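Keep the sequence and the model side by side. The tour below moves from one pair of side chains to the whole chain, then back to individual helices.

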Amino acid sequence: MPQKPLPLIISLKDWREQNGFSQSDAVKVLNNTGIPVTLDSLQNWESGRRSPRAELALALADFLRRPTVPKKSSRQPRAH
């Protein structure tokens, strides 16, 4: 039965939404920074169905504490 997501996951979701990331975008950013997350895992965490493993939770917490957490690019695609 789904539970309330952990405070860490609420912070992760807040970061994702504040930066205009879809869940898929967030997974790409996390993977690019060396945090192995799947879309399925992120969806399960945000819905409260599951929680991240301890080592992954620590990596996520470190990621969210970084002063320059990656944001969505504001660049527009170039016209050809």
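Which side chain meets that of Arg 65 in a salt bridge? The partner is Asp 62, and the N to O distance is 2.4 Å. Keep in mind that this is a predicted model. Side chains of opposite charge can pair when their charged atoms come close. Both Arg 65 and Asp 62 belong to helix H4, which covers residues 54-65. They sit three residues apart, about one turn of the helix. Arg 65 is exposed, at 59% relative accessibility. Asp 62 is partly exposed, at 42%.

Another set of charged residues forms a network: Arg 16, Glu 17 and Glu 46 are joined by salt bridges that share partners. Take the link between Arg 16 and Glu 46, where N and O are 2.9 Å apart. Arg 16 lies in helix H1 (residues 7-18) and Glu 46 in helix H3 (residues 39-47), so this salt bridge ties together parts that are 30 residues apart in sequence. Arg 16 is buried, with a relative accessible area of 9%. Glu 46 is buried too, at 12% relative accessibility. Arg 16 also forms a salt bridge with Glu 17, and here the closest N and O atoms are 4.0 Å apart. Glu 17 is partly exposed, with a relative accessible area of 46%. In total, the structure holds four salt bridges.

Now step back to the whole chain. The protein has four helices and zero strands. From the N terminus on, the order of elements is α-α-α-α. Of its 80 residues, 31% count as buried. The exposed area is about 5,700 Å², and carbon and sulfur atoms supply 52% of that area. Consider next the contacts in the protein with a separation of 6 or more: 59% of them join residues 24 or more positions apart.

Return to H1 for a check on geometry. At 1.5 Å a residue, the 12 residues of H1 should span 16 Å. The end C-alpha atoms of H1 are 16 Å apart, which agrees.

Which residues of H1 are buried? They are Leu 8, Ile 9, Leu 12, Trp 15 and Arg 16. Seen down the axis of H1, these buried residues fall within an arc of 115°, so they line one face of the helix. On the other side of H1, Pro 7 and Gln 18 are exposed. The cover over the buried residues of H1 includes H2, H3 and H4. Arg 16 thus has two roles in this account: it is among the buried residues of H1, and its side chain meets that of Glu 46 in a salt bridge.

What follows H1 along the chain? Asn 19 lies in the loop between H1 and helix H2 (23-32). This loop residue counts as buried, at 14% relative accessibility. The side chain of Asn 19 reaches back to the backbone oxygen of Trp 15, at 2.8 Å. Trp 15 is itself one of the buried residues of H1. Asn 19 can also be compared with Pro 70: the two are 51 residues apart in sequence, yet their C-alpha atoms are 8.7 Å apart in space. Just after H1, Gly 20 takes a positive phi of about 70°.

H2 can be read in the same way. Its buried residues are Ala 26, Val 27, Val 29 and Leu 30. They cover an arc of only 165° around the axis, which puts them on the same side of H2. The face turned away from that buried side carries the exposed residues Lys 28 and Asn 32. What covers the buried residues of H2 includes H1, H3 and H4. Just after H2, Gly 34 takes a positive phi of about 90°.

Put the pieces together. The buried residues of H1 have H2 among their cover, and those of H2 have H1 among theirs. H3 and H4 also help to cover the buried residues of H1. The salt bridge between Arg 16 and Glu 46 adds a charged link, so H1 and H3 are tied together by a pair of side chains as well.

Methods:
Residues are numbered from 1 along each chain as its sequence is written. Side-chain values use heavy atoms; hydrogens and water are left out. Buried means under 20% relative accessible area, exposed over 50%, partly exposed in between (1.4 Å probe, protein chains only). Contact means heavy atoms within 4.5 Å. Accessible areas come from the Shrake-Rupley method with a 1.4 Å probe; for residues, only the protein chains shown count as cover. A polar contact is a pair of N or O atoms within 3.5 Å; within protein, one must be able to donate a hydrogen and the other to accept it, and residues adjacent in sequence count only if both atoms are side-chain atoms. The expected span of a helix is 1.5 Å times one less than its number of residues. The arc is that of the directions from the helix axis to the C-beta atoms.
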